[in-house]
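Trainee: Could you walk me through how the labels on this structure are earned? I'd like to see each value held up against its rule.

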Amino acid sequence: MSEVFVITSGKGGVGKTTTSANIGTGLAIAGYKTVMVDADIGLRNLDVVMGLENRIVYHLIDVIDGNCRLKQALVKDKRYSNLFLLPAAQTKDKNAVNPEQMQKLCLSLREEFDYVLIDCPAGIEQGFKNAIAGADKAIVVTTPEVSAVRDADRIIGLLEAAEIRNPMLILNRIRPDMVKKGNMMSLEDVTEILSIDILGAVPDDESIVIAANTGEPCVADQNSRAGQAFRDITRRMLGEAVPLADLTDDRGLMNKLKKIFRLGGA
Amino acid sequence: MNFFANLFPKKPGTGSVAKDRLKLVLINDRANCSPQIMEMIKNDIINVISKYMEIDEGELDIQITETQSENSDMSVPMLYANIPIKNMRKIQNRT
């Protein structure tokens with residue numbers, strides 16, 4: 001019973017690759033054999049986010065062109081033995097693959113893995129069509145900005161047209177302090193507008209940058225708030241009913257004092 | 001706390017501005033109504049109304065916007081048209 005998820009957004013820079021890396025790592029930690037496919041041909045990034053850039057020998061196009069066997073191209077993660085990466089080609093472009101070839105590739109990956117995660121490139125052209133071709137389910141990543149949510153809406157429409165039903169939303173880079181002041185759209189605002197199921201909300205967090213610097217996804221970092229959000233997302237994908245966490249930052253001094261008074265009084 | 005809140009009335013945040021702008025943008029995106037189609041609708045409206053009264057074609061304004069549904073809390077798309085009438089003469093001539 002393997003599942004193929006595509007992680008997509010329309011707009012670039014909202015966190016698709018970071019999300020793919022964290023969900024992939026999260027599922028592997030939970031014990032599932034997982035492969036992450038970088039479908040961003042020509043602009044590969046998932047390898048550096050995962051810290052696996054020095055281990056690449058073959059890539060996705062090599063597999064499709066028959067230059068190597070699928071197993072030869074899969075890069076095994078250095079930390080988790082059941083996590084693999086199929087890297088994108090850096091020197092080719094998106095037209096080097098077509099949707100039928102991607103479908104075939106996904107079928108062979110299904111035989112080997114419990115979860116197949118496809119990191120989709122930005123845009124709605126060939127690269128997007130290739131990335132969604134073999135997927136049964138979709139995760140749409142967006143941020144609380146007008147432009148990103150608008151693109152997410154367009155992507156949801158295109159996914160439906162491609163018969164990938166009920167995509168799930170991850171709202172990334174929320175600043176709870178700004179939402180509180182009314183200067184950022186809230187999770188409720190965005191889900192109301194897109195009318196789509198929510199898979200999770202990830203706070204804007206320094207640990208994401210730090211994790212990307214070192215190539216170690218923050219889902220494994222127990223002290224990271226973004227990591228906690230990704231751990232929750234992974235559990236929801238596995239069917240657990242995990243309530244949405246209150247993202248309000250309660251680590252500040254004032255908040256700590258408030259907490260103490262709330263506990264003591266009322 | 002309430003005293004201070006009243007003393008410094010809270011300005012609505014830019015988040016709600018973003019939400020409103022987004023709603024309007026999406027209504028247009030989802031309607032999939034190109035400017036050409038809007039222009040065609042506009043011309044047809046002018047043709048129909050002009051049979052009965054004289055209208056100010058230059059000031060005619062049509063756009064797709066949203067309104068509160070009567071049956072639920074949902075917003076529904078609405079075709080808004082503002083058609084200034086110059087003269088009701090034609091109707092009187094007909095009757």
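Mentor: We'll go through salt bridges, burial and one helix contact.

Mentor: First, the ground rules: this is a predicted model, where local features need pLDDT of at least 70, side-chain atom pairs count only at pLDDT 80 or more, and totals for chains, interfaces and linings use all residues. Residues are numbered from 1 along each chain as its sequence is written, chains are lettered from A and ligands numbered from 1 in the order in which they are written, and side-chain values use heavy atoms, leaving out hydrogens and water.

Trainee: Why is the pair Lys137(A) and Glu3(A) called a salt bridge?

Mentor: The rule asks for a side-chain nitrogen of Lys or Arg within 4 Å of a carboxyl oxygen of Asp or Glu. Here N to O is 2.7 Å, so the pair meets that rule. The partners sit 134 residues apart, Lys137(A) in strand β6 and Glu3(A) in strand β1 of chain A. Strands here are DSSP runs of E, at least two residues, and helices are runs of H or I, at least four, numbered from the N terminus.

Trainee: What makes Glu3(A) buried and Lys137(A) partly exposed?

Mentor: Buried means under 20% relative accessible area, exposed over 50%, and partly exposed in between (1.4 Å probe, protein chains only). Glu3(A) has 14%, so it counts as buried; Lys137(A) has 35%, so it counts as partly exposed.

Trainee: How do you know that a salt bridge joins Glu192(A) and Lys19(B)?

Mentor: Their N to O distance is 2.9 Å, so the 4 Å rule is met. This pair crosses between chains, from helix α9 of chain A to helix α2 of chain B. Lys19(B), at 13%, is buried, while Glu192(A), at 47%, is partly exposed. Both belong to a salt-bridge network with Asp189(A) and Lys23(B).

Trainee: Which residues make the contact between α7(A) and α9(A)?

Mentor: Contact means heavy atoms within 4.5 Å. From α7(A) come Val149(A), Ala152(A), Asp153(A) and Ile156(A), and from α9(A) come Val190(A), Ile193(A) and Leu194(A).

Trainee: What makes that set six nonpolar, no polar and one charged?

Mentor: Ala, Val, Leu, Ile, Met, Phe, Trp, Tyr, Cys and Pro count as nonpolar, Asp, Glu, Lys and Arg as charged, and the others, Gly among them, as polar. Asp153(A) is on the charged list, so that residue is the charged one.
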